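I set out to look through this structure and to note what I found, one topic at a time. The entries below follow the order in which I looked things up.

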Amino acid sequence: MSRAKLKRLGLDLPLLPTSTVGSFPKTPELAEARTRYARKQTTKHELEGLEKKATEFWIRTQEEIGLDILVDGEQYRGDMVAYFAEIMGGFRTGGLVRSYGNRYYHKPVIVGEVKWPGPMTVAWWRWTQALTGKPVKGMVTGPYTVMDWSFNDYYPNRKAACVALAREIRKEVEALIEAGAKIIQIDEPAISVRQEELPFAIEAMHLTIDGLPAYFITHACYGAFETIYPDMLNLPVDNLDLAISNSALDLLKIFEKDPFTKDLSLGVLDVHSHTIESPAEIRARIMRGVRVLAPDRIWVDPDCGLKTRTIAETRGKLEAMLSAVRGIRQELGHTA
Amino acid sequence: MELILSNAGSYPRIGDSPELQQHRKAYAQREREEIGEEAFRKVEDEVTAAVIREQIEAGVELVTDGQIRWYDPYSHFCRRLEGVEIDGLLRLFDTNFYFRQPVVKGPIRRRGPILLPEYMFARSVSSRPVKPVLTGPYTLARGSILNGGYRSVHSLALAYAQVLAEEVRELARVGAPLIQVDEPAILRSPEDLNVLAEALVGLAGERGNAKLVLHTSFGDVTPLYRDLQALPVDVLGLDFTYSPKLPAMIADMGSEKSLALGLIDARNTKLEAAESVFPILDRVLPVLKTAQAYLTPSCGLEFLPRDRARQKLLTMKQLRDAYVGGRR
């Protein structure tokens, strides 16, 4: 069904389309410029120049590796929620909160009505898409995750904040589609943290994308299968992206009981490990999916954003992934 | 009925102003080996004293040491045990906080007192009673990777209970008035209640004159409320923020035990108002049989920025005073 939708959107993707979850490591030059910018030692203009240079580097790298659906690599974003919270109306930068060890971050606070400030990611999407003939995904953080990763001083409860965010984030999705984006990923890594809230997380996704003409992917994090399957199938998206590299889940058993009804992106690279997986290892992970779901419904990607890896690790991992995918494509092509 | 203001556990160790960054700076200096362990310990002492002072100034009557020395609720205790190593980061329940997972490789043994020296220090710098807080045996077992020494979460929980019982004995012996045992994990696995019950027996047997507080958080406690009443503890610490039906349940069933009412949301910055807190107190307090109850944050305050944590405590005191004053 989703293949038909992709076709309608004018997208002709190979078997087992390959992509990444969103972020790539900042290039050293850019990382250094970001530090200088934070210390007010460089201009916004210079920083943007380096962001563009880094983005172009990642576009070329993805093309060289042979990925099918590209991302802009989020070179201009620090954190996937703070980036939006800093631009949207209704938010204030909060005080420091510890995440672990000696790591602290500024958690955003909703202090008024949240408001779409005009396109937040569209200029970057347009600029990036102009660099390549391959489709570039639109990348937006979903309303539930923005709500969960922010404090809420304004709305009466979590659901009200989430629904209000959904209505505003929808405007960003519409703007991306208007600019020409055909594949849009709405990230919801927080979606499995409170099982009892899944109904309104799903309601928020409806508000965000219902009736809009694009192929929608949602990335959820490790553990989502255990906690919210099969209810998560009610998310109105075309493709669910799930981390399986680190999990010993028996997909066959799970899908036998509750059939998987969408396209599945298999997160087959462990982004938290420095080790570069061998094509054979990756192949085995992909085959766990291919054995239980029609191959034309499976996409292949890493299990999360790659921003914490080095450039060399990122490249090595993705090359191994492509090598495994090419092997499987060939076999499936032969047997077809 | 006396309504005592108490802290629930952790407290933010740094704030946003430069003078409140002392702990973060010292931590980084120690990592770069610019200062030694002893100098860092001194900073921990100072920050512990400062957060105790801050709690007292905000009106808290039963303070904690803020768990300033704790890397996280698991590894702080477990890394000091024989038979346990510390592994990578894992998300703490539904928070954006990460803890290092203990890996159990062999029989667990204590090398010596772990929490006693921390408690003794906290008490020496506090003009109000201090409540030591420890992570309970069931939650430690649930959060550990079992790699040897024990066959199940059940037997591992009992092993943790044995070493924790020694901690409880030492703390009770020096006069800790209350000792809090955090068991958030039980809310996610209610089927293991018998494991928790068995594990708590050892701790309860060593509590002497101290009261044992069982605190649960990060989930709805309503389905377990009745069963928690049967556990060998003296006070139940309840997180109301996940449990909308809890006030009605308590009003209906009452409580044999003293309750610590976690009505101040320690996970969100919004400050509580009388309109939301008083109706719950109206329902709950009349059915309690004990002479004392406690008003607390819903869990440790470290999930909030420092300034907001302080404001939460101030709000807690204002609400208690207004409530008690209005009833006189």
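**Entry 1: A loop residue in chain A**

I began with A:Leu16, which has its place in the loop between helix H1 (2-8) and helix H2 (28-38) of chain A. I note at the outset that the model is a predicted one. I looked up the backbone of A:Leu16 and found phi near 50°, a positive value in a residue other than glycine. Is A:Leu16 buried or exposed? I counted 22 other C-beta atoms within 10 Å of A:Leu16, and since a residue is buried at 20 or more, A:Leu16 is buried.

**Entry 2: A tryptophan that touches this loop residue**

I then asked which residues A:Trp299 is in contact with, leaving aside its neighbours within four places in sequence. I found A:Leu16, A:Pro17, A:Ser19, A:Asn239, A:Asp263 and A:Ser265. A:Trp299 itself lies in strand S11 (residues 298-302) of chain A. I recorded A:Trp299 as buried because it has 23 C-beta neighbours inside 10 Å. I also looked up its distance to A:Ile286: the two are 13 residues apart in sequence and 9.2 Å apart in space, C-alpha to C-alpha.

**Entry 3: A cis peptide bond**

I next looked up the peptide bond from A:Tyr229 to A:Pro230 and found that it is cis, with omega near 5°. A:Pro230 belongs to the loop between helix H9 (224-228) and strand S9 (239-243) of chain A.

**Entry 4: Chain A as a whole**

I listed twelve helices and eleven strands in chain A. Its radius of gyration is 19 Å, close to the 20 Å that the globule rule gives for 336 residues, so chain A is as compact as a globular protein of that length. I noted that its C-alpha trace spans about 60 × 45 × 45 Å along the principal axes. Of the 336 residues in chain A, 48% are buried. I also looked at contacts in chain A with a separation of 6 or more, and residues 24 or more positions apart account for 77% of them.

**Entry 5: Nonpolar cores**

Which residues have the most contacts inside the largest nonpolar core? I found A:Cys162, A:Leu165, A:Ile184, A:Val300 and A:Met321, in a core of 92 residues. Helix H7 (residues 158-179) of chain A gives the most to this core, with eight residues. I followed A:Leu165 further: leaving aside its neighbours within four places in sequence, A:Leu165 is in contact with A:Val114, A:Pro143, A:Val146 and A:Met147. I then noted a second, separate core of 91 residues, which includes B:Val51, B:Ile52, B:Val63 and B:Ala161.

**Entry 6: Chain B as a whole**

For chain B I listed eleven helices and ten strands. The radius of gyration of chain B is 19 Å, close to the 20 Å that the globule rule gives for 328 residues, so chain B is as compact as a globular protein of that length. Its C-alpha atoms fill a box of roughly 55 × 50 × 35 Å, taken along the principal axes. Buried residues make up 47% of the 328 residues in chain B. Among contacts in chain B with a separation of 6 or more, 74% are due to residues 24 or more positions apart.

**Entry 7: A covered strand in chain B**

I examined strand S8 (residues 235-239) of chain B and found it mostly covered, with five of its five residues buried. B:Val235, B:Gly237 and B:Asp239 point one way from S8(B), while B:Leu236 and B:Leu238 point the other way.

What does S8(B) pair with on either account? Four bridges join S8(B) to strand S7 (residues 211-216) of chain B, and the two run parallel. Five bridges join S8(B) to strand S9 (residues 258-264) of chain B, again in parallel. I traced B:Leu236 through both pairings: it stands opposite B:Leu214, and its bridge partner in S9(B) is B:Leu259. From S8(B) the chain crosses through helix H9 (residues 246-253) of chain B to S9(B), and this β-α-β crossover is right-handed.

**Entry 8: A loop residue in chain B**

I looked up B:Phe218 in the loop between S7 and helix H8 (225-228) of chain B. B:Phe218 has a positive phi of about 65° although it is not a glycine. I recorded B:Phe218 as buried because it has 22 C-beta neighbours inside 10 Å.

**Entry 9: Where the chains meet**

Last, I found 17 residues of chain A in contact with 22 residues of chain B. Strand S2 (96-100) and strand S6 (151-152) of chain A each supply at least two residues of the side of chain A that touches chain B. S2(A) gives the most to this side, with five residues. I sorted the residues of this side into eight nonpolar, six polar and three charged.

Notes:
Residues are numbered from 1 along each chain as its sequence is written. Chains are lettered from A and ligands numbered from 1 in the order in which they are written. This is a predicted model: local features need pLDDT of at least 70, side-chain atom pairs count only at pLDDT 80 or more; totals for chains, interfaces and linings use all residues. Two residues are in contact if their C-beta atoms, placed from the backbone, lie within 7 Å. Ala, Val, Leu, Ile, Met, Phe, Trp, Tyr, Cys and Pro count as nonpolar, Asp, Glu, Lys and Arg as charged, and the others, Gly among them, as polar. A residue is buried if 20 or more other C-beta atoms lie within 10 Å of its own, exposed if 12 or fewer, and partly exposed in between; C-beta atoms are placed from the backbone. Two strands pair if DSSP finds at least two bridges between them. A crossover is right-handed if, with the strands pointing away from the viewer, the path from the first strand over the helix to the second runs clockwise. A nonpolar core is a set of buried Ala, Val, Leu, Ile, Met, Phe, Trp, Tyr and Cys residues joined through C-beta atoms within 7 Å. The radius of gyration is taken over C-alpha atoms; the globule rule is 2.2 Å times the number of residues to the power 0.38.
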